[in-house]
Amino acid sequence: MEVSVDGDTSDYRVKINLLAAELCVLDVADDPDTPATHYRLSKNSDRIVYVSIDAGVYDEDDYCVPSVLLDLLPPFPPGDWNKGHITRTEERPEAHFAWTRLADLPAITPTWHPRHVEFNQLVICSKVMRNVAEASHPELGEVVAKYARFEWEIASYQSETEVYHWLDGHNVGPDFLGHLTEGGRVIGLLLQKLNGRHAYFQDLARCEDVVRKLHSLDILHGDLNRHNFLVNEEQVVLIDFETSVRSQDVDEKTEELRGLKKELLDHSGKGEQGKIRPFSYPETAR
């Protein structure tokens, strides 16, 4: 269902807050030279809507400052919708909603864990990456939330959700605590929050042990850099299984394990790109 919003809606305005401080910029599908900026917004504190804004509607800097942008947005149309698009035209030079629609947004499927937690039940404490946050939940306590902010990010978390099913009960990674939902639609996963640090070369033997355990389950991690290990006195676990796959190939397992030494000696920052503060760890002993 698509709703035209050419009529006067100036008396109808809702308070909105940005849920994602980072802005994700994509090309408009029918014109690669014209970027649009996409926002994930809370509407009336209980609904989440997705709004895209054409380039040139506002000054370039305004797109990146939520407090400024919120004051510039046109009135939000009434009705039951979850996607909208803001533009300007020669006929209507002021910023306005060109359309809104109630879209059938993609979800992570299939699900396997009995617990489903709504996003608005979390209190976000700090961002780890653009799609990863440390949060608190009234029943679960401190957790790590990994989620798709926008629909094109669903695929990577669908894959990782499946991998955590394979790992369930094997103590290779953080415990999987449940599926994260948005209006009932599964958009991510909730993980146990573990304290620790990333791996160094002196952790090689312990890291090899957890990789061998992973391989015994016929799983290749796919990205064994030092930032994808979490180390503390009690255990070493692997994190970030977006690229993990099933494999019974002995040669592939051997090759992945053989490359671990080089990865633990690599302090170039590989694997750290995009991370604000991975989980909660003090970088201490090297």
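A nonpolar core is a set of buried Ala, Val, Leu, Ile, Met, Phe, Trp, Tyr and Cys residues joined through side-chain atoms within 4.5 Å. Keep that in mind as you move through this model, which is predicted.

**Stop 1: the whole protein**

Start with everything shown as a cartoon. You should find five helices and 17 strands. The protein has 286 residues, and 47% of them count as buried. Now think about contacts between residues with a separation of 6 or more: 63% of these join residues 24 or more positions apart. If you switch on the surface, about 14500 Å² is exposed, and carbon and sulfur atoms supply 48% of that area.

**Stop 2: the largest core**

Which residues have the most contacts inside the largest nonpolar core? Select Leu167, Phe229, Leu238 and Leu260, and you have them; the core has 34 residues. At least two residues of this core come from each of helix 2, strand 13, helix 3, strand 15 (229-231), strand 16 (236-238) and helix 5 (260-265). Helix 2 gives the largest share, six residues. As background, nonpolar side chains tend to be buried together in soluble globular proteins.

Next, zoom in on Leu238. Setting aside neighbours within four places in sequence, its contacts include Val172, Gly173 and Pro174. Val210, Leu214, His221, Leu224, Asn228 and Phe229 are also in contact with Leu238.

**Stop 3: helix 2**

Select residues 154-167, which make up helix 2. How far apart are its end C-alpha atoms? They are 20 Å apart, and this agrees with the expected span, because 14 residues at 1.5 Å a residue should also give 20 Å. The step is counted for one less than the number of residues.

Now colour the buried residues of this helix: Ile154, Tyr157, Glu160, Thr161, Val163, Tyr164, Trp166 and Leu167. Their packing partners include strand 11 (141-147), strand 12 (176-182) and strand 13 (185-192). Helix 3 (204-216), strand 14 (219-220) and strand 17 (245-246) also pack against the buried residues of helix 2. Just past the end of helix 2, click on Gly169, where phi is positive, about 85°.

**Stop 4: two aspartates with positive phi**

Go to Asp218, in the loop between helix 3 and strand 14. Asp218 is not a glycine, yet its phi is positive, about 60°. Then jump to Asp240, in the loop between strand 16 and strand 17. Asp240 also has a positive phi, near 60°, in a residue other than glycine.

Are these two buried or partly exposed? Asp218 has a relative accessible area of 23%, so it counts as partly exposed, while Asp240, with 13%, is buried. The cut-off for buried is under 20%.

**Stop 5: a cis peptide bond**

Select Thr109 and Pro110 together. The peptide bond from Thr109 to Pro110 is cis, and its omega is near -10°. You will find Pro110 in the loop between strand 7 (96-101) and strand 8 (116-118).

**Stop 6: a nonpolar patch on the surface**

Finish on the outside. Which residues form a nonpolar patch on the surface? Select Val65, Val68 and Leu72: together they have about 180 Å² of accessible area. Val65 sits in the loop between strand 5 (47-54) and helix 1 (66-72). Its relative accessibility is 34%, so Val65 counts as partly exposed.

Definitions and conventions. Residues are numbered from 1 along each chain as its sequence is written. This is a predicted model: local features need pLDDT of at least 70, side-chain atom pairs count only at pLDDT 80 or more; totals for chains, interfaces and linings use all residues. Side-chain values use heavy atoms; hydrogens and water are left out. Helices (H or I, at least four residues) and strands (E, at least two) are DSSP runs, numbered from the N terminus. Buried means under 20% relative accessible area, exposed over 50%, partly exposed in between (1.4 Å probe, protein chains only). Contact means heavy atoms within 4.5 Å. Patches are made of residues with over 30% relative accessible area and no salt bridge: like charges are joined within 9 Å, nonpolar side chains (Val, Leu, Ile, Met, Phe, Trp, Tyr) within 5 Å. Accessible areas come from the Shrake-Rupley method with a 1.4 Å probe; for residues, only the protein chains shown count as cover. A salt bridge is a side-chain nitrogen of Lys or Arg within 4 Å of a carboxyl oxygen of Asp or Glu.
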